[in-house]
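Here are my notes from going through this one. Have the structure open while you read, and tell me where you'd look next.

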Amino acid sequence: MKMHKELKKIEGIVLKSLDYKENAQIAYFYGHIGRFSLHVRGSKKIGAKSSAFCETLTLAEVSCTDSEFSSFSGGEILDSYNVIKNDFVKIQVAMCMLDKVYHLSDSITDHEIGYKFLKDCLNYLKTTNCPKLLLIFFEIKLTYLLGINPEFKKCIYCGSSSELSFSITEGGCLCHTHQYETLIDLDKYELSLLKALYYTKIAELTDELLKEISDELITKYNQLIDKYYQKYIEYLPNSKKIYYTLCK
Ligand SMILES: [Zn+2]
């Protein structure tokens, strides 16, 4: 009797790949089931068709064995994101997004939503003229999917919604009574723009909204978001350090 290996088909985006033994790679994907890895045999051989399935930032449907150490056994490339790969800033932005998902995927509370969100953001990145702002949009909205979202609507101490300002150390907004000079990171205007980004759905996002944010404010938001992530998950990925060096 022949042994049949169970095969399953699954769609995902390649987050990164690592070399594995001779000529093979382990490709890490993110899809609606969360992060998963595939053993791709022969992908490092010259001219190997399977190498495309190991290339970071590739959308593919893959067939693989249904086991704990899953092996790649064919598939279809759905998008190579060449528009992004051919743009110096956009590729760095995409790398920051993928790196965050790679490291934090276990903390994402809903992978169906998380996967759709990542895919939608990458699609937006293809055509936008504001890639740096899209990264801020992505990172601030991702806090929601990670269950560490800041409180934007009311004072975290008393629930008041008047005269709010924002504090990273406190994890959200503070009203006039509860704010102390040293804690305040954003003034009312800066807070209103960040809040608008946080509450805008990707389907409703436009460059018009993003363009309102000045270069100075981009720097400020980036610092704030990095501090925020470090406070909650002690994490600043390498990709973001590279992004700051290359995309000043
Ligand atoms: Zn208060």
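**Notes on the model**

1. Let's begin with β4, which is mostly covered, with 6 of its 7 residues buried. Bear in mind throughout that this is a predicted model.

2. What does β4 pair with? On one side of the bookkeeping there is β1, joined to β4 by 7 bridges, with the two strands running antiparallel. If you want a handle on the register, leucine 7 has threonine 65 as its bridge partner in β4. Then there is strand β5 (residues 72–79), also antiparallel to β4 and joined to it by 5 bridges. Here cysteine 64 stands opposite phenylalanine 72 in β5. β4 and β5 make a hairpin, and 6 residues sit between them. When you look at side chains here, remember that in a regular strand they alternate between the two faces of the sheet.

3. Staying with β1, have a look at the loop that follows, between β1 and β2 (24–31), where lysine 21 is found. Lysine 21 is not a glycine, yet its phi is positive, at about 50°. Its relative accessible area is 68%, so lysine 21 counts as exposed. Asparagine 23 belongs to the loop between β1 and β2 too, and this non-glycine residue has a positive phi of about 70°. Asparagine 23 is partly exposed, at 27% relative accessible area. I'd look at both backbones by eye.

4. Next, the charges. How many salt bridges does a search of the whole structure find? The count is 12. One of them pairs aspartate 19 with lysine 44, and the closest N and O atoms are 3.6 Å apart. Aspartate 19 is in strand β1 (residues 7–20) and lysine 44 is in the loop between β3 (34–40) and β4 (59–65), so this pair ties together parts 25 residues apart in sequence. As for accessibility, aspartate 19 is exposed at 56%, while lysine 44 is partly exposed at 37%.

5. Are the partners in the glutamate 139 and lysine 240 pair buried or exposed? Both are buried. Their side chains meet in a salt bridge at 2.6 Å, N to O. Because glutamate 139 lies in helix α4 (residues 131–145) and lysine 240 in helix α8 (residues 238–246), the pair ties together parts that are 101 residues apart in sequence. The two also belong to a network of salt bridges that links Lys100, Glu139, Asp226 and Lys240. That network is worth a view of its own.

6. A more local pair is found in helix α6 (residues 207–211): glutamate 208 and lysine 211 both lie there, 3 residues apart, or about one turn of the helix. An α-helix has 3.6 residues a turn, so residues three or four places apart point the same way. Glutamate 208 and lysine 211 form a salt bridge whose closest N and O atoms are 3.4 Å apart. Glutamate 208 is exposed, with 54% relative accessible area.

7. Now helix α2, residues 88–104. This helix has 17 residues and spans 25 Å from its first C-alpha to its last, close to the 24 Å expected at 1.5 Å a residue. Why call it largely enclosed by the rest of the structure? Because 13 of its 17 residues are buried. At the start of α2, aspartate 87 has a side-chain oxygen within 3.1 Å of the backbone nitrogen of valine 89.

8. One α2 residue takes part in a surface feature. Phenylalanine 88, which is placed in helix α2, joins Ile242 and Leu246 in a nonpolar surface patch of about 290 Å². Do compare that patch with your own surface view.

9. Last, a contact across the sequence. Glutamate 112 sits in helix α3 (residues 111–127), and its C-alpha is 7.1 Å from that of isoleucine 33, although 79 residues separate the two along the chain. Glutamate 112 is exposed, with a relative accessible area of 52%.

Conventions: Residues numbered from 1 in each chain as written. Predicted model: local features only at pLDDT ≥ 70, side-chain atom pairs only at ≥ 80, totals over all residues. Heavy atoms only, no water. Helix = DSSP H or I, 4+ residues; strand = E, 2+ residues; numbered from the N terminus. Expected span 1.5 Å × (residues − 1). Buried < 20%, exposed > 50% of the residue type's maximum accessible area, 1.4 Å probe, protein only. Polar contact = N/O pair within 3.5 Å; in protein donor to acceptor, adjacent residues only side chain to side chain. Patch = residues over 30% accessible without salt bridge, like charges linked within 9 Å, V, L, I, M, F, W, Y side chains within 5 Å. Areas by Shrake-Rupley, 256 points an atom, 1.4 Å probe, with all protein chains shown as cover. Salt bridge = Lys/Arg side-chain N within 4 Å of Asp/Glu carboxyl O. Pairing = 2+ DSSP bridges.
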